[in-house]
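The following report describes one protein chain, beginning with a single strand and ending with the chain as a whole.

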Amino acid sequence: MPLVDTIAELPGVDALPPGKVRERYIVDDVLVLVASDRVSAYDVVLPTRIPDKGAVLTAMSDFWFGLLDVPNHRITCDPARFPLALAPVAEALHGRTMVCRPADPLPVECVVRGYLAGSAWVDYQATGGVCDIRLSDGLTESARLPVPIFTPATKAVTGHDENISFAEMVGIVGAELAAWLRDTSLTLYLQAAEHARSRGILLADTKFEFGLIDGSPVLIDEACTPDSSRFWSADEYQPGQAQHSYDKQFVRDWLDDSAWNRTPPGPELPSDVGPRTRPRDVQAYETLTGRSFDDWIA
């Protein structure tokens with residue numbers, strides 16, 4: 001029986017609708033997030049699994065939740081502290097599970113970009129800016145921006161997320177909260193980027209998600225993972241071209257070269273893509289944290 005079905009049948013466990021890559025449960029009034037090995041690209045979950053991907057996402061988020069200076073929803077990733085109802089599957093959950101305080105997710109994604117890459121580069125070529133932010137003329141692909149920019153997006157349950165202006169974000173969450181989310185996201189990006197740079201990695205951009213606990217905003221979901229960020233090697237960085245990434249850009253690049261039209265269902269990845277993606281994920285974790293991935297999953 002699949003692990004997700006086993007968990008859902010345990011007494012005292014209530015299954016919530018799954019996310020793109022995470023299963024979610026309520027146990028003893030806490031939220032249990034179990035990261036799968038599913039990979040999502042262009043907001044479509046692909047049928048191929050990436051070995052140990054869920055453990056890398058959990059380990060990376062656990063590290064950043066401990067480092068970043070903001071309240072967050074994490075309680076523990078230690079199986080010894082999991083709710084007793086999960087004891088029958090604690091061994092299988094080890095390494096890919098985070099117990100959290102439940103929060104009411106905000107319906108926006110807080111994207112911060114320090115470099116001109118991905119959809120931001122496409123937008124810049126077409127409009128000279130990103131979202132409603134005008135940028136200097138003559139910038140090249142992967143160029144470092146003079147200052148990081150905040151480019152929020154809608155948080156789609158199905159389909160594609162869409163970039164929105166800050167004014168549109170104000171209309172969704174209100175002026176005071178929108179300003180806090182923008183300022184906090186920029187501060188967190190600078191803190192994470194400084195740490196990453198000290199480890200030889202450039203944090204090109206990243207996405208934060210927030211929720212409300214007792215009316216106060218906290219960081220939720222994940223933080224600066226290969227799924228939510230672009231990581232580049234500082235030594236290999238060359239503006240004016242696409243960069244070799246630690247993140248799932250390798251998967252996106254293969255998809256871009258395929259005939260797929262970015263609508264469900266996604267295609268199966270070639271047999272060599274998963275094995276080639278895993279080492280980059282693990283390398284990113286070990287380089288950024290100074291910790292052993294083998295120790296995390298042991």
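Strand S3 (residues 30-35) is largely enclosed by the rest of the structure, because six of its six residues are buried; buried means under 20% relative accessible area, with a 1.4 Å probe and protein chains only. Both faces of S3 are covered, with Val 30, Val 32 and Val 34 buried on one side and Leu 31, Leu 33 and Ala 35 buried on the other. Strands are DSSP runs of E of at least two residues, helices runs of H or I of at least four, numbered from the N terminus.

This is a predicted model, in which local features need pLDDT of at least 70 and side-chain atom pairs count only at pLDDT 80 or more, while totals for chains, interfaces and linings use all residues. Residues are numbered from 1 along each chain as its sequence is written, and side-chain values use heavy atoms, leaving out hydrogens and water.

The pairings of S3 are listed below; two strands pair if DSSP finds at least two bridges between them.

| Partner of S3 | Bridges and direction | Opposite residues |
|---|---|---|
| S2 (residues 22-27) | six bridges, antiparallel | Glu 23 and Val 34 |
| S7 (residues 97-100) | four bridges, antiparallel | Cys 100 and Leu 31 |

The hairpin of S2 and S3 has two residues between the strands, and Asp 28 takes a positive phi near 50° there.

Overall, the protein chain has nine helices and 16 strands. Its C-alpha atoms fill a box of roughly 60 × 45 × 40 Å along the principal axes. Of the 298 residues in the protein chain, 50% are buried.
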